[in-house]
Amino acid sequence: MRLWDKDVLNSEQEDAIFCPGNVLLVACPGSGKTRALTYKIAYELDRLNSSTRSVIAITYTNAAAEEIKERIELIGVDTNRLWIGTIHSFCLEWILRPYHHLLEDFKFGFKIASPHDYEDLMDEICRPYQNPQIRAGQCGYYYTSTNMVISDSSITRRPKIERILRSYHARLIEERTMDFEMILYYSHLIIVSFPAVAKILTLIFAHILVDEYQDTKEIQYSILTKIISAGHGRTLAFIVGDPNQSIYQSMGGYSMSIEELIQRSGAHFTAKFLTGNYRSSSEIIEYFDHYKTTDNVIEPRGVHHSYESKITYNSTVELNDLVEEITRLITVNVNVLNIFPEEICVIGPRWIPLALLTRALMVRMPEFNFNGPGMAPFARDYDNFFFKLCRIALTEPSPDLYVRRLKWAGEIIDELTNLGFNCSKITAKMLLKTVNQITIEENNGIEYLRLFFDSFLNHFDIHKPSSAQLTAHYEAFFRASERRIQSLLREGQDYIITIENFRRVFRQRDGITVSTIHGVKGAEFDTVIVFALLEDYVPHFSDGDRDGSAKKTLYVACSRAKRNLHLISERGRPRAAWLGGHYEPTTVLHNHDFDYDVF
């Protein structure tokens with residue numbers, strides 16, 4: 001039975017979806033990669049002929065997982081046998097929780113450290129290390145299948161960072177706690193040390209689908225390919241991404257070649273390609289194609305392909321005039337080029353200058369709304385129960401949100417069950433109805449959530465003190481949120497504490513988006529404005545392959561634009577005091593001989 005109408009997918013997408021066996025799908029920007037992945041999941045779910053088997057989909061973010069699952073439900077396919085989430089959630093759900101007893105360090109159980117738990121512990125351990133001072137932010141690391149890699153390249157700091165990380169890991173193990181990197185390390189250890197686990201998983205997994213493979217770490221590839229290998233063809237893979245958009249190298253992400261996939265998994269893979277860009281104008285495509293690091297074919301096929309784009313580059317504007325310049329660009333795009341505000345995105349490579357700029361733009365342009373994940377006034381910890389609850393608390397009942405809120409309600413019930421509470425008599429509809437009846441009169445966002453959470457728990461007779469885990473989630477949510485709010489208040493963002501601003505976090509995009517380059521991956525806008533295109537920002541100062549990293553970052557940022565693109569390397573942005581001087585324009589951008597528009 002055909003699940004979709006004839007013109008829903010193009011021939012390249014259908015060719016990849018219907019291809020038998022394992023597939024590596026390389027997709028250029030704007031080619032409908034997510035659509036192809038979505039319909040492939042739907043197709044494989046519909047083909048399942050055993051009630052004991054499932055389809056597994058691994059996405060880079062929780063938001064992507066939610067979006068894809070909702071799209072599949074709209075197609076009309078039953079998602080009861082679909083598991084979709086991030087690689088960390090996958091490892092927790094399918095490897096660590098069922099098999100942690102096989103690990104000597106965690107045989108009696110474990111908990112997950114929140115990002116703020118990590119910061120607190122790291123700050124404590126780093127405190128004695130002075131001359132040179134070692135800060136928590138310099139102690140980044142990740143695991144490969146064979147060793148631990150320290151992100152900091154400084155020869156003088158590395159010995160101290162190694163000692164800090166040894167102390168850090170010892171403390172975590174003592175407290176039976178894992179951070180996100182340890183989730184991968186111990187999952188890999190189980191898969192390698194106990195081959196029967198991988199074999200059991202292949203009896204459950206009919207298909208494993210992976211999105212954004214270019215940002216996948218080597219240890220993640222190792223976990224997945226060992227599972228595929230253990231099945232001897234019982235579990236198939238569909239892996240999607242774009243090597244030119246691999247911008248997480250400093251965190252261990254890279255695009256594995258099809259040859260290495262075959263060698264590691266012992267399975268044959270067929271390469272497929274999506275070459276049509278349905279997003280951008282021909283001029284935009286020609287521009288960002290200059291920055292590609294891997295050969296590919298991109299053909300303009302969208303409705304904007306013949307649009308006469310405005311592509312500008314400003315390397316003369318002073319830092320003190322940056323807000324005025326971006327204000328001018330937004331105004332001209334809205335008033336002259338007839339671009340809707342919600343189709344404009346302002347991108348910066350780092351959150352701190354982006355947050356400061358956003359605040360200045362809000363003051364300078366009060367007639368516009370500005371939205372962005374970095375402006376969330378509370379902690380976005382998707383594994384925290386109270387973050388899941390606040391999604392319902394901060395959204396209004398409406399037909400458009402009913403399905404999504406009902407799904408969130410189901411997740412809350414599942415989480416309470418995992419925490420040891422008996423929820424057998426609670427349905428998602430019942431929970432949602434109760435939540436909709438809770439009325440709180442409070443303008444302060446944090447206090448509103450405290451009152452809401454307490455009312456919710458009281459209604460369902462859930463006693464927080466009876467569960468150490470629930471209490472830990474509660475304390476972690478508010479500790480992290482209050483820290484975040486204090487940071488935003490220090491930046492002058494006084495408006496951040498109101499309940500109205502809290503509610504804006506989960507609303508549909510209704511204004512100008514502000515985001516980092518990493519945060520905007522997968523999105524698209526009529527007009528994109530990128531600032532702080534400066535050496536040591538783009539590329540990041542810690543990147544080894546500086547030109548390659550800068551090209552990939554520019555490729556991602558520029559390929560978000562459908563119609564207009566404005567690039568800025570502002571002058572006068574000061575470097576750290578001990579370095580002196582000012583940042584210079586990103587070299588690969590500044591040296592690009594392109595006939596920019598005067599705008």
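## Two helix pairs and three single residues

Leaving aside neighbours within four places in sequence, F273 is in contact with E12, L25 and V26. The model is predicted. This briefing starts with F273, moves to the helix that holds E12, and then turns to a second helix pair and two loop residues.

**F273 in its strand**

- F273 sits in strand β10, which covers residues 269–274.
- With a relative accessible area of 49%, F273 is partly exposed. The cut-off matters here: exposed means over 50%.
- F273 and E318 lie 45 residues apart along the chain, and 43 Å separates their C-alpha atoms.

**Helix α1 and what covers it**

- E12, one of the contacts of F273, is also one of the buried residues of helix α1.
- The other buried residues of α1 are Q13, E14, A16 and I17.
- The cover over these buried residues includes three strands named β9, β10 and β11, together with β1 (22–27) and helix α2.
- At the start of α1, N10 places a side-chain oxygen within 3.1 Å of the backbone nitrogen of E12.

**How α1 packs on α2**

- Helix α1 spans residues 11–18, and helix α2 spans residues 33–47.
- Their axes come within 10 Å of each other and cross at roughly 40°.
- Angles under 35 degrees would count as roughly parallel, and 65 to 115 as roughly perpendicular. The pair α1 and α2 is therefore oblique.
- The crossing of α1 past α2 is right-handed.
- On the α1 side, the contact uses Q13, I17 and F18. On the α2 side, R35, A36, Y39, K40 and Y43 take part.
- By class, this contact has five nonpolar residues, one polar residue and two charged residues.
- Q13 and I17 thus appear in two roles: they meet α2, and they are among the buried residues of α1.

**How α9 packs on α10**

- Helix α9 covers residues 218–231, and helix α10 covers residues 258–265.
- The two pack at an angle of about 50°, with 8 Å between their axes.
- α9 and α10 are therefore oblique to each other.
- α9 passes α10 in a right-handed crossing.
- From α9, the residues in contact are E218, Y221, S222, T225, I228 and S229. They meet L261, R264 and S265 of α10.
- Sorted by class, the contact of α9 with α10 has three nonpolar, four polar and two charged residues.

**R234, in the loop after α9**

- R234 lies in the loop between α9 and β9 (236–241).
- Its relative accessible area is 35%, so R234 is partly exposed.
- Beyond neighbours within four places in sequence, R234 is in contact with R53, K199, T202, L203, F205 and A206.
- The side chains of R234 and T202 are joined by a polar contact of 2.9 Å.
- A42 is 192 residues from R234 along the chain, and their C-alpha atoms are separated by 19 Å.

**S281, in the loop before α11**

- Which loop holds S281? S281 is in the loop between β11 (276–277) and α11 (282–289).
- S281 is buried, with a relative accessible area of 0%.
- Not counting residues up to four places away in sequence, S281 touches H304, H305, Y307, S309, K562 and R563.

Notes:
Residues numbered from 1 in each chain as written. Predicted model: local features only at pLDDT ≥ 70, side-chain atom pairs only at ≥ 80, totals over all residues. Heavy atoms only, no water. Axes fitted to C-alpha atoms, helices over the stretch in contact; angles between N-to-C directions. Helix = DSSP H or I, 4+ residues; strand = E, 2+ residues; numbered from the N terminus. Parallel < 35°, antiparallel > 145°, perpendicular 65-115°, else oblique. Left-handed = near helix turned anticlockwise from the far one by under 90°. Contact = heavy atoms within 4.5 Å. Nonpolar A, V, L, I, M, F, W, Y, C, P; charged D, E, K, R; others polar. Buried < 20%, exposed > 50% of the residue type's maximum accessible area, 1.4 Å probe, protein only. Polar contact = N/O pair within 3.5 Å; in protein donor to acceptor, adjacent residues only side chain to side chain.
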